[in-house]
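Biologist: I would like a close look at a single part of this model. Please pick one helix and take me through it.

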Amino acid sequence: MNERQSAYDSIGGIDKIDELVDRFYDLMALEPIFGDLRAMHPEDLSTSREKLKFFLTGWMGGPDIYSPKYGHPMLRARHLPFKIGLKERNQWLACMYKAMEECGIGGDVAKQLEESFFNTADWMRNQPN
């Protein structure tokens, strides 16, 4: 990835984000190791999928399609009702990293995204541990 190119463009735009988010939620629903993470979500994941796709599009440097529909992301505030500790953070990260790998997102852009995902997920923690 060059310095001028966004992560959004580097991974392949909206089609790759759709693939990534769908794989993330599929893994979360199918893999027992992500059970605690899955339990924090509604039975029907369609709205969760859409929100994450819309959010990641702008977060990775693509067009802002989240805010016009859902308002300011307010990530921390929107996640405060959920108990998020190290276990939940680590499950989210492991699921996202596995989805990235399975979707062929690698190299420098993967390293950049992994660091950014870690920092964001760690900031979401609201439980002492």
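Modeller: What follows is a walk along helix α2, from confidence to core.

This is a predicted model. The protein chain averages a pLDDT of 95, and 98% of the residues score at least 70. Confidence is highest in α2, at 98. The lowest mean, 90, belongs to helix α6, residues 75-79.

Start with the geometry. α2 spans residues 14-30. Its 17 residues reach 24 Å from the first C-alpha to the last, close to the 24 Å expected at 1.5 Å a residue.

Now the buried side. Lys16, Ile17, Leu20, Val21, Phe24, Tyr25, Leu27 and Met28 are buried in α2. Viewed down the helix axis, the buried residues of α2 fall within an arc of 160°, so they line one face. The face turned away from that buried side carries the exposed residues Asp15 and Leu30.

What covers the buried residues? The cover includes α1, α3 (35-39), α4 and α7.

Next, the core. The largest nonpolar core has 32 residues. Two or more residues each come from α1 (7-11), α2, α4 (46-59), α7 (86-102) and α8 (107-123). α2 gives the largest share, 7 residues. Phe24 is among the residues with the most contacts inside this core, along with Leu56, Met60 and Leu113.

Leu56 ties several of these pieces together. Leaving aside residues up to four places away in sequence, Leu56 touches Ile17, Leu20 and Val21, and also Met96 and Phe117. Ile17, Leu20 and Val21 are among the buried residues of α2.

Notes:
Residues are numbered from 1 along each chain as its sequence is written. This is a predicted model: local features need pLDDT of at least 70, side-chain atom pairs count only at pLDDT 80 or more; totals for chains, interfaces and linings use all residues. Side-chain values use heavy atoms; hydrogens and water are left out. A nonpolar core is a set of buried Ala, Val, Leu, Ile, Met, Phe, Trp, Tyr and Cys residues joined through side-chain atoms within 4.5 Å. Buried means under 20% relative accessible area, exposed over 50%, partly exposed in between (1.4 Å probe, protein chains only). Helices (H or I, at least four residues) and strands (E, at least two) are DSSP runs, numbered from the N terminus. Contact means heavy atoms within 4.5 Å. pLDDT is the predictor's confidence in each residue, from 0 to 100. The expected span of a helix is 1.5 Å times one less than its number of residues. The arc is that of the directions from the helix axis to the C-beta atoms.
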